[in-house]
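Reader: Could you take me through the pockets in this one, and then the helix that goes with them? I'd like a close look, in plain words.

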Amino acid sequence: MPYCLQCGQPANHTIPDGDTRSRLVCSACGYIHYDNPKLICGTLAIHDGQILLCKRAIEPRFGYWTLPAGFMEIGETMAQGAVRETLEEADAIATNAHLYALFDLPQFGQVHAMYLANLHDGRFGVGSESLECRLFLPHQIDLPNLAFETVKLTIEHYLADRTKLIELGKDADDFTNYPLHQISLAHLPVY
């Protein structure tokens with residue numbers, strides 16, 4: 001049986017007055033527990049044409065390569081969360097972070113916000129949630145075997161957009177030239 005996070009008394013699923021969805025409502029104090037989506041923030045950090053990837057040391061997808069990303073914390077912006085996650089997972093400083101891709105994953109209650117960023121001085125290490133971190137040239141990345149669909153799509157879009165910018169004679173190192181991708185993965189598996 002679920003319990004109220006406010007007073008510890010039993011709570012039940014019901015539709016509160018004025019609402020349209022079933023929520024966990026405390027039968028003692030009336031507190032309504034809202035279970036809202038979580039925000040994942042990360043970076044596609046670049047240095048000399050290479051992309052920083054981290055091999056996961058945690059589940060889900062232990063041992064698979066991914067972009068540095070994780071849950072946004074209270075009190076930070078999405079960009080700050082992406083930069084912090086890059087530092088935590090890859091001991092790397094991401095600079096010039098520019099929002100690049102937003103993914104809706106309603107079946108998992110998540111939104112993924114991915115940023116293009118520069119890898120400061122090309123320096124990185126290995127954070128506590130990573131087994132290994134490495135810079136990859138685009139042709140070295142095993143796209144079908146990345147940890148998550150959102151990571152694969154972010155890299156694929158980046159590579160296609162970069163090629164298009166170069167063909168158009170635009171500065172592909174200026175992240176403001178890149179479009180913002182908004183993608184719903186409502187009916188696709190995450191990995």
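Author: Sure, and first the term: on a 1 Å grid over the protein atoms alone, a pocket is an open set of points with protein on both sides within 12 Å along at least five of seven lines, and lining residues have an atom within 4 Å of a point. This is a predicted model, where local features need pLDDT of at least 70, side-chain atom pairs count only at pLDDT 80 or more, and totals for chains, interfaces and linings use all residues. Residues are numbered from 1 along each chain as its sequence is written, and side-chain values use heavy atoms, with hydrogens and water left out.

The second largest pocket is lined by His13, Arg21, Ser22, Arg23, Leu24, His33, Asp35, Asn36, Pro37 and Gly109. Its volume is about 240 Å³, counted as the space filled by probe spheres set on the points, which are joined across faces, edges and corners.

The largest pocket comes to about 470 Å³. It has 22 lining residues, and Ile40, Arg56, Pro60, Phe71 and Phe148 are the closest to its centre. Two or more lining residues come from each of β7 (69-71), α1 (78-90), β9 and α2; helices (H or I, at least four residues) and strands (E, at least two) are DSSP runs, numbered from the N terminus.

Now for α2 itself, which runs over residues 149-167. Its buried residues (under 20% relative accessible area, 1.4 Å probe, protein chains only) include Val151, Leu153, Ile155 and Tyr158, plus Asp161. Among the elements covering them are β4 (38-47), β5 (50-56) and β8 (94-105). Just past the helix, Gly169 has a positive phi of about 75°.

Terms used: The expected span of a helix is 1.5 Å times one less than its number of residues. Buried means under 20% relative accessible area, exposed over 50%, partly exposed in between (1.4 Å probe, protein chains only). Contact means heavy atoms within 4.5 Å. On a 1 Å grid over the protein atoms alone, a cavity is a set of points where a 1.4 Å probe fits but cannot get out, and a pocket is an open set with protein on both sides within 12 Å along at least five of seven lines; lining residues have an atom within 4 Å of a point.
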